[in-house]
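Here's a protein model to look through together. Take a moment with the sequence and the 3D view, and then we'll walk around it piece by piece.

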Amino acid sequence: MSWLFGKKKTPKELLRENKRQIDRAIRDIDRERMSLQSQEKKLIVEMKKMAKGNQNEAVKVMAKSLIRMRHNITKYYTVKSQLQAVSMRMQTLKATQSMADAMKGVTKALTGMNGQMSLPEIQKTLREFERQNEKMDMTSEIMNDAMDDAFEEEGENEETEELVQQVFDEIGINLNSQLASVPATQVAQPAQAAPQAQAAEAEPISDGIDEDLQARLKNLRGN
């Protein structure tokens, strides 16, 4: 009677109502089937009694009734299976409707969010971020240079060069002391060598300093 008042049911309400009706029909069918099965058991007992009393005609009539009863029970099973299939289909429709409603809500939310987001504005924001980031790097570099200049004392470079020269001089002194300690010896040659080779080797090495060491010392003194 809802149509008299102009109220229209939603698809979800219609699905719920129809599913309730199908479930009620399935319960009614189960109740009728169980009743027939109970009558079937009683009829079998009566048929056994009639057979013991040699009432063959009555047994034949009861046998026909039993066959029809079993056919009806089979039909009840078939109808119940069909109704259950319809109920499952309705549940699937209900789930599909729920998913459609959820997708509708998500689409509406995405539409609102995309409406609030402007692509040119986002690009402008990213460019501004990049510009400010570069500006911050430049400012940091300038501040570091200014701090180095502020804390650097006068004559620091000259003192640094003097310290380096002192280190080199100390290396040169150490090398000179090492060179002074080298003895001017004469290299002995084996007896099997030729007399000319012995005469050449008999001359002393010039103060025991090789050319490579002299070149290094000259280089250090030149610095």
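Before we start, one cut-off to keep in mind: a residue is called exposed when its relative accessible area is over 50%, buried when that value is under 20%, and partly exposed in between. Take N54, for instance: its relative accessibility is 64%, so N54 counts as exposed. Also remember that what you're looking at is a predicted model.

**The overall picture**

Which kinds of elements does the protein chain have, helices or strands? There are six helices and zero strands. Read from the N terminus on, the order is α-α-α-α-α-α. The protein chain has 223 residues, and buried ones make up 11% of them.

Let's stay with N54 for a moment. This residue sits in the loop between α1 and α2, where α2 covers residues 56–116. What is special about the backbone of N54? Its phi is near 60°, a positive value in a residue other than glycine. As a rule, most residues other than glycine have a negative phi.

**The nonpolar core**

Now look inside. The largest nonpolar core is built from eight residues: L36, L43, M47, V59, M62, L66, M69 and I73. Helices α1 and α2 each supply at least two residues of this core. Which helix gives the most? That's α2, with five residues.

Here's another spot to find in α2: L83 is located in that helix. With a relative accessibility of 21%, L83 counts as partly exposed, because buried would mean under 20%. Try tracing the chain from K19 to L83: they are 64 residues apart in sequence, yet their C-alpha atoms are 9.8 Å apart in space.

**Salt bridges**

Side chains of opposite charge can pair when their charged atoms come close. How many salt bridges turn up in the whole structure? A search finds six. Here are three of them, with the N to O distance for each.

| Salt bridge | N to O distance |
|---|---|
| R31 and D28 | 2.4 Å |
| R33 and D30 | 3.5 Å |
| R131 and E128 | 2.7 Å |

Each of these pairs has its partners within one helix, so let's take them in turn. R31 and D28 both belong to α1 and are three residues apart, about one turn of the helix. D28 has a relative accessible area of 33%, so it is partly exposed.

R33 and D30 are in α1 too, and because they are three residues apart there, about one helical turn separates them. Are these two buried or exposed? Both R33 and D30 are buried. They also have company, as D30, R33 and K80 are linked in a network of salt bridges.

Moving on to α3, R131 and E128 both lie in this helix, again three residues apart, about one turn of the helix. R131 is partly exposed, with a relative accessible area of 45%. E128 is partly exposed as well, at 35%.

**Patches on the surface**

Time to look at the outside. A positive surface patch is formed by K12, R16, R20, R24, R27 and K94. Where does the largest share of the positive patch come from? Helix α1, residues 11–52, supplies five residues of it. One of the patch members, R24, lies in α1, and its relative accessibility of 41% makes R24 partly exposed.

There's a patch of negative charge on the surface too, where E130, E134, D137, E141, D145, D148 and D149 gather. Among them, E134 is found in helix α3, which spans residues 119–151. E134 is partly exposed, with a relative accessible area of 46%.

Finally, not every surface patch here is charged. M117, L119, I122 and L126 make a nonpolar surface patch of about 400 Å². Is L126 buried or exposed? This residue of helix α3 has a relative accessibility of 56%, so L126 counts as exposed.

Technical notes: Residues are numbered from 1 along each chain as its sequence is written. This is a predicted model: local features need pLDDT of at least 70, side-chain atom pairs count only at pLDDT 80 or more; totals for chains, interfaces and linings use all residues. Side-chain values use heavy atoms; hydrogens and water are left out. Patches are made of residues with over 30% relative accessible area and no salt bridge: like charges are joined within 9 Å, nonpolar side chains (Val, Leu, Ile, Met, Phe, Trp, Tyr) within 5 Å. Accessible areas come from the Shrake-Rupley method with a 1.4 Å probe; for residues, only the protein chains shown count as cover. A salt bridge is a side-chain nitrogen of Lys or Arg within 4 Å of a carboxyl oxygen of Asp or Glu. Lys and Arg count as positive and Asp and Glu as negative; His and the chain ends are not counted. The place of a charge is taken as NZ of Lys, CZ of Arg, CG of Asp or CD of Glu. Helices (H or I, at least four residues) and strands (E, at least two) are DSSP runs, numbered from the N terminus. Buried means under 20% relative accessible area, exposed over 50%, partly exposed in between (1.4 Å probe, protein chains only). A nonpolar core is a set of buried Ala, Val, Leu, Ile, Met, Phe, Trp, Tyr and Cys residues joined through side-chain atoms within 4.5 Å.
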